[in-house]
Amino acid sequence: MPTRITNFLHVSQTTGTTALTNAYGTARVHNLSEFLPDFAKAPSWVGILETLNVHVHAIAASATKLTVRVTSDAAGNESILPDTEATIALGIGTASTGSVAFSAGVGMSNLNPTQTDTIVYVWVKTDVGTCNLKETTITWRE
């Protein structure tokens with residue numbers, strides 16, 4: 001009989017209103033400070049970033065797309081998920097709200113034995129116009 005492989009799915013979410021424009025900026029980022037559960041904070045963990053969901057509101061001035069980048073550093077230089085763009089799916093009840101969702105399937109790891117930082121940064125910008133970043137949710141599996 002074949003060996004059964006079990007996957008564990010984890011969710012990390014952050015909320016808070018952050019004003020977005022058509023440029024990345026250190027004031028326009030969500031950080032998921034409790035991205036990893038305690039057991040995975042030790043060195044040498046490996047996982048797969050499965051999905052990224054971004055919810056925005058107060059969409060204005062013709063913003064129709066969002067570009068996201070996920071990094072492991074606060075400066076936005078060490079990408080886990082490089083720039084990825086999607087059209088905003090507008091809310092049915094309120095057209096000034098919307099969401100984008102990405103299926104990533106990107107491997108990620110912390111193989112540096114001295115690094116125990118578990119923060120993941122989600123950078124978001126619009127194509128044009130403005131909106132407010134309301135919520136970011138990441139799922140990953142091990």
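**Exercise 1. Identify the residue that lies over the face of Tyr-24 and state its distance from the ring centre.**

Solution. In this predicted model, the residue over the face of Tyr-24 is Lys-125. The separation from the ring centre is 4.7 Å. As for pairs between aromatic rings, the structure holds 0 of them.

**Exercise 2. Locate Glu-50 and decide whether Glu-50 is buried or exposed.**

Solution. Step one is the position in the chain: Glu-50 belongs to strand S3, which spans residues 45–60. Step two is the relative accessible area, which is 19% for Glu-50. Buried means under 20%, so Glu-50 is classed as buried.

Step three is the surroundings. Leaving aside residues up to four places away in sequence, Glu-50 touches Leu-9, Phe-102, Ser-103, Ala-104, Gly-105, Thr-139, Trp-140 and Arg-141. Of these contacts, Trp-140 lies 90 residues from Glu-50 along the chain, yet their C-alpha atoms are separated by 4.9 Å.

**Exercise 3. Describe the largest nonpolar core and determine which strand supplies its largest share.**

Solution. Begin with the members: the core has 25 residues, and those touching the most other members are Leu-52, Val-54, Val-56, Leu-66, Val-70, Val-124 and Ile-138. Next, assign the strands: S3, S4 (65–71), S5 (79–87), S7 (98–110), S8 (120–126) and S9 (130–141) each supply at least two residues. The largest share, 5 residues, comes from S3.

Finally, examine Leu-52. Beyond residues up to four places away in sequence, Leu-52 has contacts that include Val-68, Val-70, Leu-81, Val-100, Phe-102, Val-122 and Ile-138. In soluble globular proteins, nonpolar side chains tend to be buried together.

How values were computed:
Residues are numbered from 1 along each chain as its sequence is written. This is a predicted model: local features need pLDDT of at least 70, side-chain atom pairs count only at pLDDT 80 or more; totals for chains, interfaces and linings use all residues. Side-chain values use heavy atoms; hydrogens and water are left out. Helices (H or I, at least four residues) and strands (E, at least two) are DSSP runs, numbered from the N terminus. Buried means under 20% relative accessible area, exposed over 50%, partly exposed in between (1.4 Å probe, protein chains only). Contact means heavy atoms within 4.5 Å. Rings of Phe, Tyr and Trp (its six-membered ring) pair if their centres lie within 6.5 Å; planes under 30 degrees apart count as stacked, over 60 as edge-to-face and the rest as tilted. A charge sits over a ring if NZ of Lys or CZ of Arg is within 6 Å of the ring centre and within 35 degrees of the ring normal. A nonpolar core is a set of buried Ala, Val, Leu, Ile, Met, Phe, Trp, Tyr and Cys residues joined through side-chain atoms within 4.5 Å.
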